[in-house]
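Me: I'm trying to get my head around this protein. Could you walk me through one part of it slowly?

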Amino acid sequence: MSKSTEALEFAVAEVIANTNPDGSRGSARQRANIDRAFSRILKIAAPRIRHFIRQYGLSAHHEDAEQVCAIAVHRAIEAYDPTKAKFTTFLNWQIRGELQSLRFRLMTDQRPSARKVDAVTITIHAGTTTPDGEETSLEALVEDGEALERTEQSASDHLARETCSALLDAYIEAERKAGMEQLRKRARMRRPKGDIRDARPDLPVSFRAHLVGPDPEELATLNARLERDRAIIERSLFTGDTREALSLDTSLTRERIRQIVRRASKQMARLVTTDPRFAMLAEQAGLQHAEAPAKRPAAPRAPAGILPAMNQPQNRAITVSAPAEAPIDPSRAVTVPPAVEAQPFRQLSA
(Lines give C-alpha, C1' and ligand atoms only; values in the text may rest on other atoms or scores of the structure.)
Protein backbone atom coordinates (compact mmCIF):
# COMPACT_ATOMS: atom_id res chain seq x y z
CA MET A 1 0.00 0.00 0.00
CA SER A 2 1.49 3.35 -1.06
CA LYS A 3 2.03 6.33 1.20
CA SER A 4 -0.77 8.32 -0.42
CA THR A 5 -3.21 5.44 0.10
CA GLU A 6 -2.23 5.20 3.77
CA ALA A 7 -2.60 8.97 4.18
CA LEU A 8 -6.05 8.86 2.59
CA GLU A 9 -7.12 6.03 4.88
CA PHE A 10 -5.93 7.96 7.94
CA ALA A 11 -7.70 11.19 6.86
CA VAL A 12 -10.97 9.40 6.07
CA ALA A 13 -10.83 7.63 9.44
CA GLU A 14 -10.53 11.03 11.12
CA VAL A 15 -13.58 12.31 9.21
CA ILE A 16 -15.63 9.26 10.21
CA ALA A 17 -14.49 9.54 13.86
CA ASN A 18 -15.73 13.15 14.08
CA THR A 19 -19.07 12.44 12.37
CA ASN A 20 -22.06 11.59 14.56
CA PRO A 21 -23.59 8.19 13.68
CA ASP A 22 -27.15 9.56 13.84
CA GLY A 23 -26.36 12.28 11.30
CA SER A 24 -26.88 15.14 13.74
CA ARG A 25 -24.84 18.32 13.64
CA GLY A 26 -21.57 17.95 15.49
CA SER A 27 -19.83 20.37 17.81
CA ALA A 28 -17.62 23.20 16.60
CA ARG A 29 -14.50 21.18 17.35
CA GLN A 30 -15.82 18.20 15.38
CA ARG A 31 -16.66 20.38 12.37
CA ALA A 32 -13.20 21.97 12.46
CA ASN A 33 -11.55 18.54 12.54
CA ILE A 34 -13.70 17.37 9.60
CA ASP A 35 -12.78 20.47 7.57
CA ARG A 36 -9.06 19.95 8.20
CA ALA A 37 -9.26 16.26 7.29
CA PHE A 38 -11.25 17.00 4.12
CA SER A 39 -8.70 19.61 3.02
CA ARG A 40 -5.97 17.05 3.57
CA ILE A 41 -7.87 14.51 1.43
CA LEU A 42 -8.19 17.04 -1.42
CA LYS A 43 -4.49 17.86 -1.20
CA ILE A 44 -3.47 14.20 -1.33
CA ALA A 45 -5.91 13.40 -4.15
CA ALA A 46 -5.00 16.50 -6.23
CA PRO A 47 -2.64 14.62 -8.66
CA ARG A 48 -5.27 11.92 -9.15
CA ILE A 49 -7.96 14.59 -9.84
CA ARG A 50 -5.76 16.40 -12.40
CA HIS A 51 -5.07 13.09 -14.15
CA PHE A 52 -8.77 12.26 -14.52
CA ILE A 53 -9.60 15.80 -15.70
CA ARG A 54 -7.07 15.48 -18.52
CA GLN A 55 -8.22 11.95 -19.31
CA TYR A 56 -11.82 13.07 -19.78
CA GLY A 57 -10.83 16.10 -21.88
CA LEU A 58 -12.13 18.71 -19.45
CA SER A 59 -9.00 20.85 -19.17
CA ALA A 60 -10.90 23.80 -20.70
CA HIS A 61 -13.44 23.50 -17.87
CA HIS A 62 -10.94 23.00 -15.08
CA GLU A 63 -12.87 24.93 -12.38
CA ASP A 64 -16.13 23.07 -12.97
CA ALA A 65 -14.25 19.77 -13.03
CA GLU A 66 -12.58 20.52 -9.69
CA GLN A 67 -15.95 21.33 -8.15
CA VAL A 68 -17.51 18.05 -9.24
CA CYS A 69 -14.41 16.19 -8.01
CA ALA A 70 -14.89 17.76 -4.57
CA ILE A 71 -18.49 16.50 -4.66
CA ALA A 72 -17.12 13.08 -5.62
CA VAL A 73 -14.86 13.09 -2.54
CA HIS A 74 -17.87 13.81 -0.32
CA ARG A 75 -19.85 10.96 -1.85
CA ALA A 76 -16.88 8.60 -1.59
CA ILE A 77 -16.58 9.34 2.15
CA GLU A 78 -20.31 8.70 2.63
CA ALA A 79 -20.18 5.38 0.71
CA TYR A 80 -16.85 4.21 2.15
CA ASP A 81 -16.92 0.74 3.72
CA PRO A 82 -13.51 -0.50 5.00
CA THR A 83 -14.66 -4.11 4.87
CA LYS A 84 -15.20 -4.03 1.10
CA ALA A 85 -12.30 -2.08 -0.40
CA LYS A 86 -9.79 0.69 0.15
CA PHE A 87 -10.88 4.31 0.03
CA THR A 88 -9.01 4.90 -3.23
CA THR A 89 -11.34 2.45 -4.99
CA PHE A 90 -14.43 4.37 -3.86
CA LEU A 91 -12.75 7.67 -4.72
CA ASN A 92 -11.77 6.61 -8.26
CA TRP A 93 -15.25 5.43 -9.14
CA GLN A 94 -16.94 8.54 -7.77
CA ILE A 95 -14.53 10.87 -9.64
CA ARG A 96 -15.06 8.98 -12.89
CA GLY A 97 -18.82 9.13 -12.56
CA GLU A 98 -18.93 12.87 -11.77
CA LEU A 99 -16.53 13.79 -14.60
CA GLN A 100 -18.45 11.63 -17.07
CA SER A 101 -21.69 13.36 -16.08
CA LEU A 102 -20.05 16.77 -16.44
CA ARG A 103 -18.72 15.90 -19.87
CA PHE A 104 -22.16 14.81 -21.05
CA ARG A 105 -23.63 18.11 -19.81
CA LEU A 106 -20.94 20.26 -21.43
CA MET A 107 -20.27 18.32 -24.61
CA THR A 108 -23.47 16.73 -25.82
CA ASP A 109 -21.75 15.22 -28.85
CA GLN A 110 -20.06 12.68 -26.55
CA ARG A 111 -23.32 10.92 -25.82
CA PRO A 112 -24.12 7.71 -27.73
CA SER A 113 -27.26 9.27 -29.21
CA ALA A 114 -25.21 12.20 -30.52
CA ARG A 115 -22.54 9.95 -32.00
CA LYS A 116 -25.14 8.15 -34.09
CA VAL A 117 -25.98 11.37 -35.93
CA ASP A 118 -22.41 12.75 -35.89
CA ALA A 119 -23.38 15.71 -33.69
CA VAL A 120 -20.64 18.22 -32.91
CA THR A 121 -20.52 20.64 -29.97
CA ILE A 122 -19.55 24.17 -30.95
CA THR A 123 -19.30 27.35 -28.95
CA ILE A 124 -21.94 30.01 -29.29
CA HIS A 125 -19.23 32.60 -29.86
CA ALA A 126 -17.99 30.86 -32.99
CA GLY A 127 -17.95 32.96 -36.13
CA THR A 128 -20.34 32.32 -39.01
CA THR A 129 -21.67 34.01 -42.12
CA THR A 130 -25.14 35.41 -42.66
CA PRO A 131 -27.13 34.72 -45.87
CA ASP A 132 -26.06 38.18 -47.03
CA GLY A 133 -22.39 37.22 -46.74
CA GLU A 134 -21.67 39.25 -43.59
CA GLU A 135 -19.50 37.75 -40.87
CA THR A 136 -21.15 37.47 -37.49
CA SER A 137 -21.34 35.16 -34.48
CA LEU A 138 -23.89 32.54 -33.58
CA GLU A 139 -24.77 34.55 -30.48
CA ALA A 140 -25.83 37.48 -32.66
CA LEU A 141 -27.95 35.19 -34.85
CA VAL A 142 -29.88 33.60 -31.98
CA GLU A 143 -30.16 36.79 -29.94
CA ASP A 144 -33.67 38.21 -29.84
CA GLY A 145 -33.54 41.98 -29.81
CA GLU A 146 -37.21 42.30 -28.80
CA ALA A 147 -37.00 39.81 -25.93
CA LEU A 148 -36.21 42.46 -23.31
CA GLU A 149 -39.07 44.68 -24.43
CA ARG A 150 -41.55 41.81 -24.41
CA THR A 151 -40.36 40.69 -20.98
CA GLU A 152 -40.77 44.16 -19.51
CA GLN A 153 -44.19 44.49 -21.12
CA SER A 154 -45.30 41.15 -19.71
CA ALA A 155 -44.04 42.10 -16.25
CA SER A 156 -45.85 45.43 -16.48
CA ASP A 157 -49.10 43.73 -17.52
CA HIS A 158 -48.79 41.26 -14.65
CA LEU A 159 -48.24 44.04 -12.10
CA ALA A 160 -51.19 45.97 -13.53
CA ARG A 161 -53.47 42.93 -13.22
CA GLU A 162 -52.35 42.27 -9.66
CA THR A 163 -52.86 45.92 -8.70
CA CYS A 164 -56.35 45.99 -10.20
CA SER A 165 -57.24 42.80 -8.40
CA ALA A 166 -55.94 44.15 -5.07
CA LEU A 167 -57.83 47.43 -5.57
CA LEU A 168 -61.03 45.57 -6.38
CA ASP A 169 -60.56 43.33 -3.33
CA ALA A 170 -60.13 46.38 -1.12
CA TYR A 171 -63.35 47.92 -2.49
CA ILE A 172 -65.35 44.70 -2.02
CA GLU A 173 -63.99 44.33 1.52
CA ALA A 174 -65.06 47.88 2.38
CA GLU A 175 -68.53 47.20 0.94
CA ARG A 176 -68.76 43.98 2.93
CA LYS A 177 -67.90 45.78 6.18
CA ALA A 178 -70.55 48.42 5.50
CA GLY A 179 -73.14 45.76 4.65
CA MET A 180 -72.33 43.74 7.79
CA GLU A 181 -72.73 46.86 9.91
CA GLN A 182 -76.17 47.45 8.42
CA LEU A 183 -77.18 43.85 9.04
CA ARG A 184 -76.05 44.07 12.67
CA LYS A 185 -77.99 47.30 13.14
CA ARG A 186 -81.08 45.72 11.61
CA ALA A 187 -80.68 42.69 13.87
CA ARG A 188 -80.55 44.95 16.93
CA MET A 189 -83.84 46.56 15.96
CA ARG A 190 -85.58 43.30 15.07
CA ARG A 191 -87.93 41.85 17.66
CA PRO A 192 -87.63 38.15 18.55
CA LYS A 193 -89.82 35.56 16.98
CA GLY A 194 -92.80 34.15 18.81
CA ASP A 195 -91.30 30.73 19.32
CA ILE A 196 -88.39 32.26 21.25
CA ARG A 197 -90.85 34.04 23.55
CA ASP A 198 -92.79 30.80 24.10
CA ALA A 199 -89.63 28.83 24.87
CA ARG A 200 -88.14 31.60 27.07
CA PRO A 201 -90.92 33.38 28.96
CA ASP A 202 -88.31 34.75 31.36
CA LEU A 203 -86.81 37.00 28.69
CA PRO A 204 -87.16 40.73 29.39
CA VAL A 205 -89.43 42.94 27.32
CA SER A 206 -86.42 44.78 25.92
CA PHE A 207 -84.94 41.57 24.48
CA ARG A 208 -83.84 41.95 20.86
CA ALA A 209 -82.83 39.41 18.26
CA HIS A 210 -79.32 40.86 17.92
CA LEU A 211 -78.19 38.29 20.45
CA VAL A 212 -78.17 35.68 17.67
CA GLY A 213 -76.43 37.90 15.08
CA PRO A 214 -77.48 38.81 11.51
CA ASP A 215 -79.97 36.70 9.62
CA PRO A 216 -78.12 33.95 7.65
CA GLU A 217 -80.38 34.51 4.63
CA GLU A 218 -79.58 38.22 4.56
CA LEU A 219 -75.89 37.43 4.96
CA ALA A 220 -76.00 35.03 2.01
CA THR A 221 -77.84 37.66 -0.06
CA LEU A 222 -75.13 40.22 0.78
CA ASN A 223 -72.33 37.87 -0.30
CA ALA A 224 -74.11 37.02 -3.55
CA ARG A 225 -74.65 40.71 -4.33
CA LEU A 226 -70.99 41.51 -3.66
CA GLU A 227 -69.84 38.70 -5.94
CA ARG A 228 -72.18 39.92 -8.66
CA ASP A 229 -70.94 43.50 -8.29
CA ARG A 230 -67.34 42.31 -8.39
CA ALA A 231 -67.91 40.50 -11.68
CA ILE A 232 -69.70 43.53 -13.16
CA ILE A 233 -66.96 45.97 -12.11
CA GLU A 234 -64.16 43.72 -13.33
CA ARG A 235 -65.77 43.16 -16.71
CA SER A 236 -66.76 46.78 -17.17
CA LEU A 237 -63.58 48.55 -16.00
CA PHE A 238 -60.81 46.05 -16.66
CA THR A 239 -62.11 43.83 -19.47
CA GLY A 240 -64.08 46.37 -21.49
CA ASP A 241 -67.42 44.55 -21.80
CA THR A 242 -70.39 46.68 -22.83
CA ARG A 243 -73.33 47.43 -20.56
CA GLU A 244 -75.66 45.63 -22.94
CA ALA A 245 -73.65 42.41 -22.62
CA LEU A 246 -73.53 42.78 -18.83
CA SER A 247 -77.27 43.44 -18.76
CA LEU A 248 -77.97 40.25 -20.67
CA ASP A 249 -75.72 38.18 -18.38
CA THR A 250 -76.86 39.62 -15.03
CA SER A 251 -80.53 40.48 -15.75
CA LEU A 252 -79.92 44.05 -14.56
CA THR A 253 -80.80 47.20 -16.42
CA ARG A 254 -78.05 49.21 -18.06
CA GLU A 255 -78.82 52.13 -15.75
CA ARG A 256 -78.32 49.95 -12.68
CA ILE A 257 -75.02 48.68 -14.10
CA ARG A 258 -73.93 52.26 -14.72
CA GLN A 259 -74.72 53.16 -11.11
CA ILE A 260 -72.76 50.20 -9.76
CA VAL A 261 -69.72 50.99 -11.91
CA ARG A 262 -69.82 54.70 -11.14
CA ARG A 263 -70.04 54.11 -7.40
CA ALA A 264 -67.16 51.66 -7.55
CA SER A 265 -65.03 54.07 -9.58
CA LYS A 266 -65.49 56.82 -7.00
CA GLN A 267 -64.76 54.54 -4.06
CA MET A 268 -61.67 53.02 -5.67
CA ALA A 269 -60.35 56.49 -6.55
CA ARG A 270 -60.73 57.40 -2.89
CA LEU A 271 -58.94 54.21 -1.85
CA VAL A 272 -56.03 55.05 -4.16
CA THR A 273 -55.53 58.39 -2.44
CA THR A 274 -56.02 57.13 1.14
CA ASP A 275 -54.73 53.55 1.28
CA PRO A 276 -50.91 53.45 1.63
CA ARG A 277 -50.79 50.20 -0.39
CA PHE A 278 -51.70 52.17 -3.52
CA ALA A 279 -49.41 55.16 -2.91
CA MET A 280 -47.28 54.29 -5.94
CA LEU A 281 -50.39 54.00 -8.11
CA ALA A 282 -51.55 57.42 -6.93
CA GLU A 283 -48.13 58.85 -7.76
CA GLN A 284 -48.24 57.38 -11.26
CA ALA A 285 -51.74 58.80 -11.78
CA GLY A 286 -50.67 62.24 -10.56
CA LEU A 287 -52.97 62.17 -7.53
CA GLN A 288 -52.08 63.63 -4.17
CA HIS A 289 -51.85 60.91 -1.56
CA ALA A 290 -53.84 61.99 1.47
CA GLU A 291 -51.86 61.31 4.60
CA ALA A 292 -53.37 60.97 8.03
CA PRO A 293 -53.71 64.39 9.69
CA ALA A 294 -51.07 64.94 12.31
CA LYS A 295 -52.32 65.52 15.82
CA ARG A 296 -51.79 69.04 17.07
CA PRO A 297 -50.00 69.33 20.38
CA ALA A 298 -52.29 70.27 23.21
CA ALA A 299 -52.13 73.91 24.13
CA PRO A 300 -50.68 74.47 27.60
CA ARG A 301 -53.27 75.29 30.20
CA ALA A 302 -53.21 78.71 31.73
CA PRO A 303 -52.49 78.60 35.45
CA ALA A 304 -55.63 79.03 37.52
CA GLY A 305 -55.68 82.27 39.46
CA ILE A 306 -57.74 83.47 42.37
CA LEU A 307 -59.08 86.41 40.36
CA PRO A 308 -61.91 85.91 37.83
CA ALA A 309 -61.18 86.07 34.11
CA MET A 310 -62.01 89.64 33.30
CA ASN A 311 -62.18 88.98 29.53
CA GLN A 312 -65.23 86.75 29.91
CA PRO A 313 -68.58 88.42 29.26
CA GLN A 314 -70.08 87.25 32.57
CA ASN A 315 -67.25 88.91 34.51
CA ARG A 316 -67.29 92.34 32.85
CA ALA A 317 -69.54 93.84 35.54
CA ILE A 318 -67.16 92.81 38.31
CA THR A 319 -64.82 95.45 39.74
CA VAL A 320 -61.72 94.35 41.62
CA SER A 321 -59.87 96.90 43.76
CA ALA A 322 -57.28 96.82 46.52
CA PRO A 323 -58.67 96.51 50.06
CA ALA A 324 -58.84 99.76 52.04
CA GLU A 325 -56.31 100.24 54.87
CA ALA A 326 -57.77 99.99 58.37
CA PRO A 327 -57.46 103.17 60.49
CA ILE A 328 -54.72 103.09 63.19
CA ASP A 329 -55.90 103.42 66.79
CA PRO A 330 -53.60 105.94 68.58
CA SER A 331 -54.29 104.31 71.95
CA ARG A 332 -52.78 101.02 70.79
CA ALA A 333 -49.64 102.50 69.21
CA VAL A 334 -46.33 101.47 70.80
CA THR A 335 -43.53 104.05 71.18
CA VAL A 336 -39.98 102.71 70.95
CA PRO A 337 -37.25 104.73 72.73
CA PRO A 338 -34.48 106.06 70.41
CA ALA A 339 -31.77 104.31 72.42
CA VAL A 340 -33.35 100.91 71.77
CA GLU A 341 -33.66 101.62 68.04
CA ALA A 342 -29.96 102.50 67.74
CA GLN A 343 -28.76 99.44 69.72
CA PRO A 344 -27.59 96.67 67.34
CA PHE A 345 -29.08 93.22 67.51
CA ARG A 346 -27.07 90.74 69.57
CA GLN A 347 -27.37 87.02 69.47
CA LEU A 348 -28.14 85.39 72.78
CA SER A 349 -26.29 82.27 73.76
CA ALA A 350 -27.26 79.75 76.36
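How much area does the protein expose, and what share of it do carbon and sulfur atoms supply? After that, please take a close look at the largest nonpolar core and what surrounds the subject.

Reply: Quick ground rules. This is a predicted model, where local features need pLDDT of at least 70 and side-chain atom pairs count only at pLDDT 80 or more, while totals for chains, interfaces and linings use all residues. Residues are numbered from 1 along each chain as its sequence is written, and side-chain values use heavy atoms, with hydrogens and water left out.

To your question: the protein exposes about 26,800 Å², and carbon and sulfur atoms supply 54% of that. Areas like this come from the Shrake-Rupley method with a 1.4 Å probe, and for residues only the protein chains shown count as cover. Of the 350 residues, 21% are buried; buried means under 20% relative accessible area, exposed means over 50%, and partly exposed is in between (1.4 Å probe, protein chains only). The protein has 14 helices and two strands, which are DSSP runs numbered from the N terminus (helices are H or I, at least four residues; strands are E, at least two).

Now the core. A nonpolar core is a set of buried Ala, Val, Leu, Ile, Met, Phe, Trp, Tyr and Cys residues joined through side-chain atoms within 4.5 Å. The largest one has 28 residues, and Ile-41, Leu-58, Ile-77, Phe-87, Leu-91, Ile-95 and Leu-99 touch the most other members. H1, H2, helix H3 (46-55), H4 and helix H5 (87-106) each supply at least two residues of this core. H4 gives the largest share, seven residues.

Zoom in on Leu-99. Leaving out residues up to four places away in sequence, Leu-99 touches Phe-52, Ile-53, Tyr-56, Leu-58, Ala-65, Val-68 and Cys-69, where contact means heavy atoms within 4.5 Å. There's also a second, separate core of 22 residues, and Leu-222, Leu-246, Ile-257 and Leu-271 are among them.

Arg-103 is worth a look too, since Arg-103 sits in helix H5. Arg-103 counts as buried because its relative accessibility is 15%. Its C-alpha atom is 9.0 Å from that of Ala-65, 38 residues apart along the chain, and 8.1 Å separates the C-alpha atoms of Arg-103 and Gly-57, 46 residues apart. Gly-57 lies in the loop between H3 and H4, and with a relative accessible area of 45% Gly-57 is partly exposed.

Ile-77, one of the core residues above, turns up in the lining of the largest pocket as well, along with Val-15, Ile-16, Thr-19, Ile-34, Asp-35, Phe-38, His-74 and Glu-78. (On a 1 Å grid over the protein atoms alone, a pocket is an open set of points where a 1.4 Å probe fits, with protein on both sides within 12 Å along at least five of seven lines; lining residues have an atom within 4 Å of a point.) Helix H1 (3-17), helix H2 (28-44) and helix H4 (62-79) each supply at least two residues of that lining.
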